[in-house]
Amino acid sequence: MTHPALARAEAFAATYGLRRPVLLAPMAGACPPALSLAVMRAGGLGACGALPMQPPAILAWAEAVREAGPFQINLWIPDPAPVRDPAHEARLRAFLGGFGPAVAPEAGDAMPPDFFAQCEAVIQARPRIVSSIMGLYPPDLVARFKASGIAWWATVTTVAEALAAEAAGADAVVAQGAEAGGHRGSFDPARAEMAAVGLMALLPAVVDAVTIPVVATGGIADARGAAAALLLGEIEDRIAFLRSLRVPPPGRLAGTWSNLFGTVTVTPGTDGGLAVKVDANEPITARWTCGAEGKGRLAGDVLTVSLGEDGSALTLAREGETLTLGAVPGKGEAEGTADYCGLNGSVDGTYFFVTPAAPAR
Ligand SMILES: Cc1cc2nc3c(=O)[nH]c(=O)nc-3n(C[C@H](O)[C@H](O)[C@H](O)COP(=O)(O)O)c2cc1C
């Protein structure tokens, strides 16, 4: 009998016309048509890492593999133009020259192919899938890909990037663990090292955070790795979370409220006040990061809980069936740097009712 995790992957593959849930990694400069043809003829997805390719080369690549089945074309979302530093470039030229022929001074003037012209070529080539790495396609391109029947898979390296990709209309995310082939697809190069999450931690956190399919990549080298990735992709946590939700009593804040990243407990006190306890996880690594406790009284519809003499506070407001929690920074504290939260942590967000409150004590 096929394991349900494998059946799920096979069903995903079948929606893209594949006979096997195996996808060749797009690799810039290392994706000859022959490699894709071998994967496609075995029932998997062909792939072109088109980063260094001019439009005619992209079109020629697509024609060379088209007869064998579905394939994806992958582009890098461009970085802002580099700030040139002649002294640094001279040092680099001298360093690189030590490994081979001297590097010409104009080497740094080389321009990558034009990204928008590459996108036009992709639309003309009509792959089954266009994928992205290092960021997201702008909305007008996403709309044009989709209007041409091309699905978009976005490579992501954190939960926050996965959520951004889903919100931008990605049809699937490729969760790329920090192990991946020396490549980090981080949207923000400045944060890449700080947010290096291994596939084992990243995959279940991404699967729990998004509702679109998740493809796993990075350090999967044999059948054991593939089996582990399939199991880590199970959505049981999300189902358990959804099953735990209850309809909240009208108008009240008291009770336990949750979302996938945290829990808020509001307990009535005998003095008529409300005690609040908050725990939250960091949205990039899903590690515990924030913890705060305090007491407050309702003023109108909003409960304000003071957390320190510097004025830092939490606000809780019931909005229909949900609870909205906001962090008020203390005096001189920058937004998002609350001292009850670790690096990048935040308690802001929408929470859902889970259990009624214990009686007042
Ligand atoms: C030589 C090489 C080039 C790569 N180029 C790209 C690329 O252009 N675009 C991309 O999305 N990923 C690229 N990757 C990353 C792969 O698509 C894939 O995510 C990664 O190799 C998977 O990790 P693994 O090598 O541990 O299996 C490249 C990987 C390698 C090894």
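In this predicted model, helix α7 meets helix α8 through Val159, Ala162 and Leu163 on the α7 side and Ala205, Val206 and Ala209 on the α8 side. Sorted by class, this contact has 6 nonpolar residues, with no polar and no charged ones. Helix α7 covers residues 159-167 and helix α8 covers residues 199-209. The two pack at an angle of about 35°, and their axes lie 9 Å apart. The crossing of α7 past α8 is right-handed.

A second helix pair is formed by α3, residues 55-65, and α5, residues 115-125. Here the packing angle is about 25°, with the axes 9 Å apart. Angles under 35 degrees count as roughly parallel, and α3 and α5 are therefore roughly parallel to each other. Their crossing is right-handed. From α3, the contact draws on Pro55, Ile58, Leu59 and Ala62. From α5 come Ala117, Gln118, Glu120, Ala121, Val122, Gln124 and Ala125. By class, the residues where α3 touches α5 comprise 8 nonpolar, 2 polar and 1 charged.

Attention now turns to the ligand. A shell of 20 residues surrounds the ligand, and the nearest of them are Ala25, Ala28, Gly49, Ala180 and Gly181. As for the make-up of this shell, 9 of its residues are nonpolar, 10 are polar and 1 is charged.

Terms used:
Residues numbered from 1 in each chain as written. Predicted model: local features only at pLDDT ≥ 70, side-chain atom pairs only at ≥ 80, totals over all residues. Axes fitted to C-alpha atoms, helices over the stretch in contact; angles between N-to-C directions. Helix = DSSP H or I, 4+ residues; strand = E, 2+ residues; numbered from the N terminus. Left-handed = near helix turned anticlockwise from the far one by under 90°. Contact = placed C-beta atoms within 7 Å. Nonpolar A, V, L, I, M, F, W, Y, C, P; charged D, E, K, R; others polar. Near = placed C-beta within 6 Å. Parallel < 35°, antiparallel > 145°, perpendicular 65-115°, else oblique.
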